[in-house]
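Me: Let's take this one apart with a few questions. Look at the picture first, then we'll talk.

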Amino acid sequence: MKFTREFCIVNYASGIYKKGQKRLKDSLISNGYTGDFLFFTEENGELIPSQDESPWGFKPVLLNYAKEKGYKYILWVDSNMICIRKPVTIFKKIIKDGYYISSSYTTKMGYWCSDIALENFGIDRETSFKITEVNPSYVGINTQNSIAVSLLNEWNKYALDGITFRGIPQNYPLSETNKNDKGIVSKDSRVKGHRHDQTAISFLIWKYRLKISYMETKNIQSLTATKENKYSKAIPLTTEIVQNRDIKFEDYYKTYNKWGNKKGLDKIRFIILSLIDTIRFETKNIVYKLK
């Protein structure tokens with residue numbers, strides 16, 4: 001695939017995540033991505049709502065900004081991501097299907113959706129427990145596809161309504177959305193909290209009956225607070241972007257790629273496990289399509 005000026009990867013970063021933004025860009029370029037970048041920092045604050053008003057609302061807002069700039073094939077990628085292979089399959093899906101969204105979760109959206117957001121969606125709680133939780137760390141949009149544009153418009157609308165992404169009234173601190181101990185998020189005791197942008201796009205993917213990908217992205221365990229290595233034992237051979245949180249530590253440059261720096265028997269074991277993981281991912285994808 002040839003990446004032209006019609007392609008654009010979008011990202012926003014603040015604080016320590018600026019290091020991750022640089023790491024992400026370097027990894028994309030080193031793996032053959034030659035399209036455009038729209039990378040933003042706090043200096044572009046006039047473009048996005050505040051984090052308290054709309055947590056992670058910058059994702060749909062900046063995707064929409066890229067659309068208005070005339071890009072056709074747009075991919076949002078979080079700052080704690082690393083490109084490990086040329087993102088060909090992801091962009092092929094954006095071109096063919098009109099969008100890209102993935103999931104690595106087994107939970108349902110209903111466990112992470114506040115009562116007021118649920119009311120905004122116009123569905124009941126039991127329905128919410130049937131909706132797959134997707135991962136908005138990577139969201140692709142083909143601006144020539146009417147369904148994808150409608151989804152982006154709705155996601156952007158929810159980001160700016162002052163209600164849906166925040167999930168709880170303004171008089172409560174945003175930290176209350178991480179849990180539901182006091183019933184602030186929901187009166188339903190099964191609800192664990194509210195996940196802002198993730199909750200909204202999970203609902204929209206379900207609403208538009210769009211398929212979810214499992215093959216091209218993967219969350220990997222990384223350096224813990226005690227700096228103990230907890231890297232994934234395998235990376236599927238079809239994976240193009242991985243999530244790695246080492247940017248929270250000053251020495252992440254030395255550690256983020258450790259899972260790939262194996263030698264001898266460790267390297268052989270890594271390759272075998274990666275092949276097994278690839279088959280497992282493909283099987284999961286086939287089963288999903290048959291549903």
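**Helices and sheet**

Me: At about what angle does helix 2 run to strand 3?
Reply: Helix 2 lies across strand 1, strand 2, strand 3 (73-77) and strand 6. Helices (H or I, at least four residues) and strands (E, at least two) are DSSP runs numbered from the N terminus. With axes fitted to C-alpha atoms (for helices over the stretch in contact) and N-to-C angles from 0 to 180 degrees, helix 2 runs to strand 3 at about 155°.

Me: Before going on: this is a predicted model, where local features need pLDDT of at least 70, side-chain atom pairs need 80 or more, and totals for chains, interfaces and linings use all residues. Residues count from 1 along each chain as its sequence is written, and side-chain values use heavy atoms, leaving out hydrogens and water. So, is helix 2 largely enclosed or open?
Reply: The buried residues of helix 2 (buried is under 20% relative accessible area with a 1.4 Å probe, protein chains only) include F58, K59, P60 and V61. Their cover includes strand 1, strand 2, strand 3, strand 6, helix 6 and helix 7. Because eight of its 11 residues are buried, helix 2 is largely enclosed.

Me: In what order do the five strands of the open sheet sit?
Reply: Strands pair if DSSP finds at least two bridges between them, and the pairing in this sheet is mixed. Strand 2 (36-40) and strand 5 (99-102) are the edges, each pairing on one side only. The twist from one strand to the next averages 15°. The order is 2-1-3-6-5.

Me: Which residue of strand 6 is the bridge partner of I101?
Reply: Strand 5 and strand 6 run antiparallel, joined by four bridges. Helix 6 (residues 146-160) lies across both strands, at about 135° to strand 6. In strand 6, I101's bridge partner is V139.

**Zooming in on P136**

Me: Is P136 buried or exposed?
Reply: P136 sits in strand 6 (residues 135-142). Leaving aside neighbours within four places in sequence, P136 touches K59, W76, D78, I101, W155, D197, Q198 and I201, where a contact is heavy atoms within 4.5 Å. Since its relative accessibility is 2%, P136 counts as buried.

Me: How many Å apart are P136 and S202 in space?
Reply: Along the sequence, P136 and S202 are 66 residues apart. C-alpha to C-alpha, P136 and S202 are apart in space by 8.5 Å.

Key:
Buried < 20%, exposed > 50% of the residue type's maximum accessible area, 1.4 Å probe, protein only.
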